Structure formats: C-alpha cells, structure tokens
Amino acid sequence: MQFLVETVLNSAMASASTALVVVGLALIFGVMRIENFAHGELYMVGAYATWLFGTSFGAGYWVGFAAAILVTAVLGAAIEILLLRRLRNNPMGALIVTIGVLLILQTGAAWFFGINSNLLVDAPVSGVLSLGGFNMPWHRIVVIAAAVLILTALTVILRTTKFGWALRAVAQDKDAANLQGISIGRISMSAMALSAALAGAAGSLMAPIVRISPFMGQPVIITAFIVIILGGIGSMEGAIVAAVIYSTFFTFVSVYFDTTIANVAGLCLMLAVLIVKPSGLMGKAQKV
Amino acid sequence: MPILSLHEVTKAFGGLVAVNRATFSVEPGSIHGLIGPNGAGKTTLFSLITGFYRPTMGRVELDGEDITRLSTSARARKGLVRTFQGTVLFSDLTVEENIANGMLAESSSPWTDWLFESPASRSSRQERAAAIMDYARLSDLRNVGAKDLSHGQQRVLGIAIALAAKPRLLLLDEPFTGMTASEKNRLAEMLRRIREDGATIVLVEHDMRTVMRLCDVITVLNFGSVLTEGTPEQVRRHPEVMAAYLGSAA
Amino acid sequence: MTTTLAIAACAVPFVAGDYYTSFATEIAITVLMLSSYRIVVLTGEWSFAHVVLQGAGAYTAAIMVKDHGASFPISLVAGSIVAAAIAAVLSMPLLKMRGFYFLMGTFAAAEAIRLLWRKFTYFGGTRGFSGISAPYFDFGGVQIDFGRSANYYFLTLAVVAACLVLLWRLERSRLGKVWKTIEQQDVLAQSVGIDTRRYRRIAFVIAAAFAGIAGVLLAYAFGSVTPNRFSLNFALYLMIWAIVGGTRTFFGVIVGGIVLMAFDESLRFAEQLRPGVYGVILILVMLFWPQGLERLIGWTGLYGRGVSKAAPVSSEGGA
C-alpha cells in the first residue's frame, strides 16, 4: 500500500514535468507547424542554468529557476529569429535545423560542463514528508505544485490576454490572422520563447532530482514525441492529458517490470496510435 | 449502360454537407459538363468521382462496377483518369518525359520490365508518346522543360499526361481557365477528337460559353445537389439555372 | 570519374596502413548504407529505421556464424533477406504515414526492435556478440584469410561495388522512374494509376535488403555486434550525411559520403566537438544550400543531367 502510494506520487511528478515539456512542444507545433527536436535540449539548458545561477553563484534555487526560464526564453527567441524564420515554408527543413540546434546545444553543454560532471542542485525545500508510514521528498511535491501553477497561468494567459488570442488565431489560420493585422513573426518569436521557457522551467524543476548531463534531453524529447502523438499533434489539452496517462503508465510499468519493457511498450503504443488514429487519441480528426 | 453513374452520393465535412445525394450518369462517348455557381460542390464532386475523397454515403460506378472503395490509382488503372485545376506537372522534366511518366503504371508489360525494360516495350512506349505529342500538338516542344511552356501549353500537357494513362473516361478540372480565345478553340477541337477516338469526357468548367458550345449533356449543381440536367439548350432555358447563377452573383 | 574512384579505392591497402585500410572498409560500408538510404529518400521520405535494418543484417550474420557456423556468402544472403523481411512487415503500417509521422513511426519501430536486442539474451543483451570469426576461403588450394584487413577490404569493396551496380540499374529502371515520379508529384502520379503507397513500400523493402548486406559486412569487419552501434545517433548521422552530401544524384551521395567520412575521421582529435560541428554544418547547409554539398560543388553537372530534382528536404515534406 505504501509502495503504491509512493508510485502514484512519483507518477504525478513525472506527469507534471512531462506536461510542462509537451505543452511547449504542442504550442510550437500549433503556431509554427514545426516539430522542434531541440526541445529536450532546452530542458537540459534549464537544468544547467539552474545549477549555474542557483548553486554555483550561490544565489539560491529560486534565482536559478528564474534564470533558467530567462535563459531558455532568450534562446528560444533567438532560434526563431535566426533560423526558423528563414524556413517558414519548408517544414522538413526546419525540422532538420532543429536537429542541428540539438547537436550544438549538447556539444556546448559537454564543452562547458564536461560529460561526467556531477553537478548537484539543492532543492528549495529540503527534507522528506513522512505521513503515516510513507515517505516523499518535499521537492517532488514542489514540482507538482509548480507545474500545476505554471500550466494554470498559461491557460489564463492563452484564454484571456490579447497575446493569447493572437496566438490561437495564428494556430488556427495563419493567413486569416495575418489579414487581421497580427504579425506572424512577432507571434512566432513569442511562442518560441514561451515554449522554450516551459521546457526550461521543467528542466529547472527536475534539476535537484535527476542527474544533470548534456544528454539528459534525449529521453525527454523521445517521451515528449510519444506523448504528443498520443495526444494529437498541436493539441495542448490533448498533450496534458496524454502526459498524465503516459507518465503514469510508464512509471508503473517501470516499477513493476523494468524500464526497457516500459520503453518498448511506450514505443509500441505510439506506433499503434500512428497506425489506428494518426490524429491522436484526443485529437480531432485532421488530415495527415 | 452509362460509363459512369453516381447514386445518392453525399459528402459531409463535419456538419457541412458539400455534396448532397448527387445522382446522375454519363453516357459513353459523350462530352458531359458539370457546372454550377461557386461553392455548388463541383470540386468536391470531382474529387469523389476520382477517389481523392470517400463519400459519406452513396455509390460511384464505372461501367456498372462499384468503385466507391477504390483508390485514385486503382480507378486510374481502370481507365478513369483526371487532370488538375491549375498546372500540376513534373515541372523539372521535358514535355516528352512528362508524357512518358503518364505511362509508368501501364500493367500490360511483364514484371521483369520493372527492372530491365525490354527494347521492344521501350520503343512501343516511345511511339505512343510521340503519337500523343502529335495529337496534342506538342511535338515541336518535346525537349522543352515543362516549366518553360506557356500557361496554355501547360494545360494541354496536363491533358496529354492523362491521355498517356489510356483513359476511357477523362475528367477535366476547369481545362479552359486562363487560356486565350484561340487556345480555347484548339483545346475544344482536341477534346472533340479525343471523344471521336472513343473516350468519354467529363469536365467541370466556369466558362459558360465554351461549355454550352462543347458539351452534349450538362449537369447543373447548386448547394451540393443536382439542380437539373439536359442538353445545353434545355439548361439555358431552365428558369432555376438562371436564378441560381443570378443568386450567386448578387 | 568512376574509374578514378575505382582505382583510388583499390590502391588504399597498398598505400595505407592497417588502420586506414579498416577505415576504408568502414567508408565502403557507409557508402552502401547511404546509397541504399537514398532509395527511400527518392520516394520523398526520411526514415530513422535504416540503421536498425542494417542491424538486423548484422545480428543475422552474428547468429548464423556463432550458432550455425554459416559461411560468409550464406550469412550475406540471410542478412539481406531478414532485413528485407522485417522491412516488409514494418512497411505495412509505416507506409500509411508521411513526413513527420513517418519519421516518428520509423523511429518507434526501430527503437523498439533495438531495445528487444538489448533485452533478450538470445541477441546477446546489451553486450551483443563478439568473436565473429572472419571469413576464410579455400578454393582448392588457394586460401584467402579475410581476417587480414587488406583482404577483407577487397571483399567488402567487391560486395559494395556489386550492390552499387545493382542500385544504379534499379534507379534507371522503370521502378526508379516511378519512385522519382512519386517524389516529384505524388498526386499526379496517383492520378495516372501509380499506387504510390505500394511503390514506397517496395522502395523501403529494397533499401532494407541492401542495408542488411551492409550490416553483414559490418559484423564481419568489427568481429562484433552491439545494440548501441544501431542507436538513434547513428540513424541521425546517416540522415545528416545524406542531407549534407546531397541526395540529388547517384554519385553525389557516394562522393558526399566519402568526403564526409574523411571529414568525420579528421574530427577524431576533437571527439567531443564533433556533434556540434555537424550541427553547425547541418544548419548552414539547410539555410544556404538546401540541396546539399553536391549542388555547391556542382557534381550534378559532371554526371549528366540529374533526373531527380531537388532533395525533398528543400520542398514541402512536413506533416
């Protein structure tokens, strides 16, 4: 029973972090029709930035967290302005460019911080919550709370602000949005910054829990693509629901069987969805 | 027996019914026009006949055989070949190569032909390509790149590619659009010759004058349904046709 | 140009040491991988599964040699057939997808297969197989030990050259023309009766057959097979080489492959920086020469009229 509760809580934490990552990915696909392969590396940059500003400079975790968001947002905007903007009519080209960005960011991290460095980030709330026989590090609860908070804020922004309205307008019909005087370039840049910041926030939140390495983004992006396909590409609501379902599924299979089987099962699940319903489990019927 | 017949063919996109219980048939050896005001469902109907869409309901038959479930390419191999609105060509290839590509799916040759084309089948294909170029008056342009042709020539090349696929029923999507008057006359002449050589033609067209002059039978669509059908003269006199066109203009 | 290339290739073991002869063997295998990958690319799709299909050939060879003591020609044929058979099964669901979906579908299928190799001891688990003995021929007194790097290099070269001739024929055949037609004008191809999905499947399976051969060659060359040799990274590098080298012409991809492999080797002193260098090159190529380096250098002109048009990455290819 105690084990079950802990697994459920771990699933919730995995869901929270995955949801942050995939929402950004879905957002950027919705607005720009680009699959960003470097999204996992933005998560990685978030973790490193948290260590650099929070731990190494000694400014504390939350400063590191803010720095992670800022750094990834700027990075995301730069990627849009310098690269993706030039390839707006060439989706496959843009996809390949994001693979280039992935390689550069990985190499950069390995160059500056080393491959096997053992960087530790202290959790903002240390200690363990002990309640009736089960134990839970406080930071895991912080991750869940922070993710819920960020996703709620994101929903409010998208639903109520002019920026959110413009974003959704572009996602629905680029030409119509353009006719209404929305600057596609500005929206794309902001969307990319926002998307990157979400990945950075996830990386920052997970930094005290996972091993920080230049290659930590790879499993994250693979998971993210599986989730995105399950949820229906470009659908943010679908992505969040799929993140919860998939992370829970993955955590349980990993715990009760092993990680390899969980991975294979996840990949087969994605394949099955691609075959049976390419628009995703939650997605609307769209032409593929 | 009609070469093509549609029974209660319906296509809905979500809540929007683009084609509603369309029923009509095309007699072999005719030139059959499909007209209607903008948004009447002509293009959707065209895609339903060629297999780019599956109907929500209803049946499409070619020579009495139900082809509703067949793919576009399978329909083409049965002799139902289409052309495209605008210019869809192999624009980096020459006129001759474009026409040769139209013959690639030909199934009469043995399978070894796929790997090692026999000289006999190659030369027979080349002859046929030459004949088609002759037919379409493109012989002088055989080595010209498709993208260097004039708009009218490109439209004709599109039809020539379709002819290479040996159509029994040729579906033309607005073939006269963007052509000069003399190009229109020449194309009309070519279509009549295609009909004389045994193929049936269905065409969707905006240019009323050409349709009235060229077609034997005209089906008028409005709001996704068949409004009326008849000879050009009958259609011209039909009061609802006038109303439909005037209504769309207003 | 072809003869120059052939002479240069044959001269390698005489002018270079064992290390570079083995390296040249690896180049030859990679050239076969790229040339066969190009068939899939010809139909307008990018696949992540090609390297794992190579792995299928390599694992088949390893199992045939270790468990059944099979000879080189037999494992060569078996590796090719197994890879093609796996591709044939995978192609049924995968070729319903296009663009990004196809890319992700091939990744999922390939990675699942690779993880199964890691998981099951039948496939040697994470350590794979080692000690695959080199081929040894004995033609009535004339004995050739392919354990020597120069001999194995010539064997590889002969197999790869034979495959390249076949691939060259294939591209010029009616089948090759159909593939190019599909890549250029999918919808028009369908409307003249070409079953595009069927021919894309055929391309996928034929490419896999050659990838399987490349896998068998690799297994013998290294004497070992590990699941990590067929990971996503290698699939990514294959794709990068194809894009950067250019897939426009038959020879473009070969010359591009050789140049890039040599370049890759020259980066060995800066192992850590290698991925980043590729990242920069990839971005520069995509932004400035989207048809690959072959276009930049103008090889296309050297090899007659390029029948295929631009690499599909430069046109509409996304989901």
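The automatic or database domain assignment of chain B gives two entries, domain 1 (1–79 + 167–250) and domain 2 (90–166), and this report on a predicted model starts from that division before turning to the contacts of chain B and to chain A. The centres of domain 1 of chain B and domain 2 of chain B, taken over C-alpha atoms, are separated by 26 Å. Where these two domains meet, domain 1 of chain B contributes 13 residues to the contact and domain 2 of chain B contributes 12 residues. On the side of domain 1 of chain B that touches domain 2 of chain B, two or more residues are given by each of α2, β7 (169–173) and α6 (181–196) of chain B, and α6(B) gives the most, with 3 residues. Sorted by class, that side of domain 1 of chain B has 8 nonpolar, 3 polar and 2 charged residues.

Taken as a whole, chain B contains 9 helices and 10 strands, and its C-alpha trace spans about 60 × 40 × 35 Å along its principal axes. A compact globule with 250 residues would have a radius of gyration near 18 Å, and chain B, with 19 Å, agrees with this. Of the 250 residues in chain B, 42% are buried, and, among the contacts in chain B with a separation of 6 or more, 68% are accounted for by residues 24 or more positions apart.

Chain B also meets chain C, in a contact that takes 24 residues from chain B and 19 residues from chain C. On the side of chain B that touches chain C, at least two residues are supplied by each of α2 (72–77), β6 (80–82), α3 (95–102) and α5 (151–164) of chain B; the largest share of that side, 4 residues, comes from α2(B). The residues of this side of chain B divide into 13 nonpolar, 6 polar and 5 charged. Helix α2 of chain B thus appears both on the side that touches chain C and on the side of domain 1 of chain B that touches domain 2 of chain B.

The two sides of chain B described above can be set out by residue class.

| Side | Nonpolar | Polar | Charged |
|---|---|---|---|
| Side of chain B that touches chain C | 13 residues | 6 residues | 5 residues |
| Side of domain 1 of chain B that touches domain 2 of chain B | 8 residues | 3 residues | 2 residues |

Among the chains, 2 pairs are in contact, and of these chains A and C share the most contacts. Chain A and chain B, by comparison, do not touch, and their nearest C-alpha atoms are 10 Å apart.

For chain A, the unreviewed UniProt entry lists residues 12–30, 65–83, 95–117, 137–158, 191–210 and 263–283 under "transmembrane region". In the model, residues 95–117 of chain A are 83% helix and 0% strand, with their end C-alpha atoms 30 Å apart, while residues 191–210 of chain A are 80% helix and 0% strand, with their end C-alpha atoms 27 Å apart.

Helix α6 (residues 162–172) of chain A includes the buried residues A:Ala166, A:Leu167, A:Val170 and A:Ala171. Seen down the axis of α6(A), these buried residues fall within an arc of 135°, and therefore they line one face of the helix. The exposed residues A:Lys162 and A:Gln172 are carried on the face of α6(A) turned away from its buried side. The cover over the buried residues of α6(A) includes α1 (2–32), α5 (138–160), α7 (174–179) and α8 (184–206) of chain A.

Methods:
Residues numbered from 1 in each chain as written. Chains lettered and ligands numbered in written order. Predicted model: local features only at pLDDT ≥ 70, side-chain atom pairs only at ≥ 80, totals over all residues. UniProt positions renumbered as here; feature names shortened; annotations may be inferred. Buried ≥ 20, exposed ≤ 12 C-beta atoms within 10 Å, placed from the backbone. Arc of directions from axis to C-beta. Contact = placed C-beta atoms within 7 Å. Nonpolar A, V, L, I, M, F, W, Y, C, P; charged D, E, K, R; others polar. Domains from an automatic or database assignment. Rg over C-alpha atoms; globule rule 2.2 N^0.38 Å.
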